[in-house]
Amino acid sequence: ISECLVGSEMCIRDSNNIYYLDDDARDMAQFLYENPDYKVLFDASRKVKKEDIQFVKEMIDRMSNKND
């Protein structure tokens, strides 16, 4: 059994399974597993400043509100 770091949350990994100690981390990992198209957004967000992530989030919020 080894520990791994996922974002800022810890998980425990054995040879076949990962057990998340945080429900949000588990849910996000499951979402990305089930929706691999969103992974590009996650990967891209690692390369920008926190302020830029907030700006992009606001743009996405505006776009999703237009479609309601």
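Let me start with one residue, Val40: its relative accessibility is 58%, so Val40 counts as exposed, the cut-off for exposed being over 50%. Bear in mind that what you see is a predicted model.

Where does Val40 sit? Val40 belongs to helix 2. Val40 also takes part in a nonpolar patch on the surface, together with Phe31, Tyr38 and Leu41. The area of that patch is about 400 Å².

Staying with helix 2, which covers residues 39-45, we come to Ser45. Is Ser45 buried, partly exposed or exposed? Ser45 has a relative accessibility of 26% and therefore counts as partly exposed, since that class lies between the 20% limit for buried and the 50% limit for exposed. One distance to note from here: the C-alpha atom of Ser45 lies 9.5 Å from that of Val56. Along the chain, Ser45 and Val56 are 11 residues apart.

Now the chain as a whole. How many helices and strands does the protein chain have? There are three helices and three strands. In sequence order the pattern reads β-β-β-α-α-α.

On burial, the protein chain has 68 residues, and 4% of them are buried. The exposed area of the chain is about 6,300 Å², with 54% of that area coming from carbon and sulfur atoms.

Last, the contacts. Take those in the protein chain between residues at least 6 apart in sequence: 0% of them join residues at least 24 apart.

Terms used. Residues numbered from 1 in each chain as written. Predicted model: local features only at pLDDT ≥ 70, side-chain atom pairs only at ≥ 80, totals over all residues. Heavy atoms only, no water. Helix = DSSP H or I, 4+ residues; strand = E, 2+ residues; numbered from the N terminus. Buried < 20%, exposed > 50% of the residue type's maximum accessible area, 1.4 Å probe, protein only. Contact = heavy atoms within 4.5 Å. Areas by Shrake-Rupley, 256 points an atom, 1.4 Å probe, with all protein chains shown as cover. Patch = residues over 30% accessible without salt bridge, like charges linked within 9 Å, V, L, I, M, F, W, Y side chains within 5 Å. Salt bridge = Lys/Arg side-chain N within 4 Å of Asp/Glu carboxyl O.
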